[in-house]
Amino acid sequence: MDWITDHVFKPYPELLIFLTISLGFLVGKIRYKAIGLGAVTGCLIAGLFTGWVTEVSVNGTVKSVFFIMFLFALGYKVGPQFFRGLKKDGLPQVTVAVVVCVTGLLVCWGFDVMLGYGPGLGAGLLGGALTQSAVIGVAQDAIANIQGLTPEQITAEQNLVPVGYAVTYPLGTILCAILLANIAPRLLKSNLAEDSRQLAVELDAPESNPDLAEGYYEVVLRAFTVAGNGLVGRTIDDIEAQQKEQGRRIYITRVRRDGEIIDHTQQTVIQQGDAIAVSALRHDLVDFDPARQIGPETDDAGLLSYQTEHLHVVASNKEHLGKTVAQLRREPFMVGVYVDKVYRAGAEFPYRLSTELERGDTLVLTGPKRLVDPATAAIGKSVPTSFATDMVWVGLGIFLGGCIGIPALTAGGVPISLSTSGGALIMGLIFGWIRGRYPTYGNVPPGAQWFMDTFGLCAFVAIVGINAGPSFSSGLSQAGWGLLVWGAVATVIPLIVGILVGHFVFKIRVPILMGVVAGAQTTTAAIGAINEEAKSQIPTLGYTIPYAAGNVLLTIWGAIIVALLG
């Protein structure tokens with residue numbers, strides 16, 4: 001081992017980083033049911049181990065690059081939900097999230113003072129108990145700016161942050177998942193699965209069972225040979241208008257006559273023996289009974305294999321903003337075009353026919369290309385699918401965020417500032433909100449977001465672990481195993497307070513409330529356990545907005561707790 005350390009890891013520490021990340025992702029796969037360590041905790045544990053074994057240190061600049069990249073991506077991802085939560089319909093969820101986060105800060109601060117913890121262990125306790133990994137980096141940045149400490153003392157305190165986090169995070173995650181998925185619903189006399197099912201019916205939510213959803217296509221395209229008298233001698237426009245009056249969305253999209261596919265218009269008259277392609281909602285076509293009204297079905301590959309589109313369109317034309325989906329469907333340009341999905345503020349929105357279009361909503365339109373294109377022009381602008389990241393957008397956002405994070409105010413001898421990393425988080429929120437409003441700008445595809453977010457954080461905590469590894473044993477001895485107990489209490493108290501406020505003050509339904517509290521404490525494992533217990537994705541409806549607010553507040557708490565204890 002000494003030979004590998006001296007000849008490989010010490011001269012090439014970048015190799016140790018990637019080995020640690022590999023081991024960390026492997027450790028992170030350890031799980032029981034819906035609860036797992038996760039890649040971030042796995043990378044921290046792997047980093048502590050490899051750092052302890054090799055005693056190799058990694059340059060702090062490398063660590064900062066990964067962390068600032070992660071925070072910008074985090075802000076970019078949650079920005080739309082964060083600002084949407086400030087609107088009236090999201091305020092109860094945001095309020096509960098703020099209550100949970102503030103309670104968590106106060107509880108952790110009280111325990112830190114009672115136990116005599118310094119800023120290092122105090123921040124580690126907060127990050128682990130409230131399951132927020134970003135606290136590690138923000139707290140270490142804040143510790144570096146504490147006046148009156150020697151470089152050795154600063155390093156020692158910084159190394160205690162991951163120690164406190166590593167001890168308290170696993171139990172904090174498990175307790176959060178168990179409390180919200182099993183204990184709290186029972187105490188509130190709720191059957192999570194039954195209440196979620198009833199709520200899904202009330203909200204007209206789509207079926208969340210993937211085994212049912214994958215095999216069902218709402219929009220169908222089928223071909224029939226005209227044999228009956230119901231369509232013969234009538235124009236396409238007349239036929240479609242009649243179906244529209246009867247509440248059906250059935251359109252004739254192609255016509256084959258005498259063996260040739262013809263160029264047709266809405267005034268084309270259907271003749272006996274024509275083969276027609278019919279596009280419709282499945283339940284409308286079943287109700288129409290095409291075998292009786294049109295004639296026998298035919299497998300005409302040429303008639304059915306025309307070019308179709310699934311196009312993302314941003315609603316921007318004032319003429320149609322404020323209209324409901326039902327009103328939009330009645331517009332002439334929507335003939336043969338269907339609204340497949342709606343995204344609002346960057347997240348998929350469970351729309352209904354009564355949902356009103358807002359500026360920046362992204363509609364996924366489905367239908368023949370020749371029909372989708374005019375509909376797109378009428379509604380707004382299309383967003384072409386692209387896998388290229390707009391690095392001008394990303395680089396400028398991180399730079400501007402870092403610049404606004406540099407200025408600092410001094411309170412009690414401790415410089416308080418956003419720091420470059422905190423500034424990157426704020427600018428990520430702003431840039432993400434802009435992207436949610438105007439999706440034609442600043443493309444950062446999901447793969448790039450995952451790399452910046454997940455890999456950036458995992459690489460950062462791996463380096464933190466490597467650098468803290470040599471002092472882990474002494475740090476754990478200094479903290480004592482009491483840290484585990486107090487960390488568990490600090491996890492539970494904010495959750496209970498949030499549940500009480502959400503249930504008795506805001507009257508939030510239990511399935512949604514469990515998602516709200518899980519989001520406020522940013523515990524992904526908990527929402528997985530809740531959905532598993534609920535046998536539904538309904539609790540996730542309460543998760544996204546509080547998750548955005550919790551990520552921002554708990555990350556900032558990393559600097560606040562250091563200021564309070566510094």
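Colleague: What makes you say that α24 bends at G558?

Modeller: This is a predicted model, and the angle comes from its atoms. The bend at a residue is the angle between axes fitted to the seven residues ending there and the seven starting there. At G558 in α24 that angle is about 30 degrees.

Colleague: How do you know that the span of α24 agrees with what a helix should give?

Modeller: Helix α24 covers residues 544–565, which is 22 residues. At 1.5 Å a residue they should span 32 Å, and the end C-alpha atoms are 31 Å apart, so the two values agree.

Colleague: And why is α24 called largely enclosed?

Modeller: A residue is buried when its relative accessible area is under 20%. In α24, 16 of the 22 residues are buried, so the helix is largely enclosed by the rest of the structure.

Colleague: Let's try α19. Where is its kink, and how do you know that its span agrees?

Modeller: The kink in α19 is about 25 degrees and is centred on F455. As for the span, 23 residues at 1.5 Å each should give 33 Å, and the end C-alpha atoms are 32 Å apart, which agrees.

Colleague: D453 lies in that helix too. Why is D453 called buried?

Modeller: Its relative accessibility is 9%, and the cut-off for buried is under 20%. D453 therefore counts as buried.

Colleague: What makes the link between D453 and K77 a polar contact?

Modeller: The distance has to be within 3.5 Å between N or O atoms, with one able to donate a hydrogen and the other to accept it. The side chains of D453 and K77 are joined at 2.6 Å. Leaving aside residues up to four places away in sequence, D453 touches F70, A73 and K77.

Colleague: Now the sheet. What makes β3 and β6 a pair?

Modeller: Two strands pair if there are at least two bridges between them. Seven bridges join β3 (residues 219–225) to β6 (residues 275–281), and the strands run antiparallel. Among the partners, F224 is matched with I276, L221 with S279, and V220 with A280.

Colleague: How many bridges do β3 and β7 have?

Modeller: Two bridges, in the antiparallel sense, with β7 covering residues 297–298. The cut-off is at least two, and β3 and β7 meet it with their two bridges. A223 has T298 as its bridge partner in β7.

Colleague: What lies on the β4 side of β6?

Modeller: Strand β4 (residues 250–257) pairs with β6 over six bridges, again in the antiparallel sense. I250 stands opposite A280 in β6.

Colleague: Why are β5 and β7 called edge strands?

Modeller: The five strands form an open sheet in the order β5-β4-β6-β3-β7, with antiparallel pairing. The strands β5 (260–262) and β7 each pair on one side only, and that is what the edge label says.

Colleague: What makes you say that both faces of β6 are covered?

Modeller: In a regular strand the side chains alternate between the two faces of the sheet. On one side of β6, A275, A277, S279 and L281 are buried, and on the other side I276, V278 and A280 are buried. Seven of the seven residues of β6 are buried, so the strand is largely enclosed by the rest of the structure.

Colleague: On to the loops. Why does V383 count as buried?

Modeller: V383 sits in the loop between β12 (380–382) and α17 (391–405). Its relative accessibility is 14%, and under 20% is buried, so V383 counts as buried. Beyond residues up to four places away in sequence, V383 touches H312, V314, P439 and T440.

Colleague: What about V58, buried or exposed?

Modeller: V58, in the loop between α3 (38–54) and α4 (60–84), has 9% relative accessibility and therefore counts as buried. V58 and I466 are 408 residues apart in sequence, yet their C-alpha atoms are 7.4 Å apart. Its contacts, outside residues up to four places away in sequence, are P13, I17, I463, I466 and N467.

Colleague: Last one: how do you know that the structure holds zero disulfides?

Modeller: A disulfide needs two cysteine sulfur atoms within 2.5 Å, and the count for this structure is zero. For C101, the nearest cysteine sulfur is that of C108, 11 Å away. For C176, the nearest is that of C101, 12 Å away. C101 counts as buried at 1% relative accessibility, and C176 counts as buried at 0%.

Methods: Residues numbered from 1 in each chain as written. Predicted model: local features only at pLDDT ≥ 70, side-chain atom pairs only at ≥ 80, totals over all residues. Heavy atoms only, no water. Helix = DSSP H or I, 4+ residues; strand = E, 2+ residues; numbered from the N terminus. Expected span 1.5 Å × (residues − 1). Buried < 20%, exposed > 50% of the residue type's maximum accessible area, 1.4 Å probe, protein only. Contact = heavy atoms within 4.5 Å.
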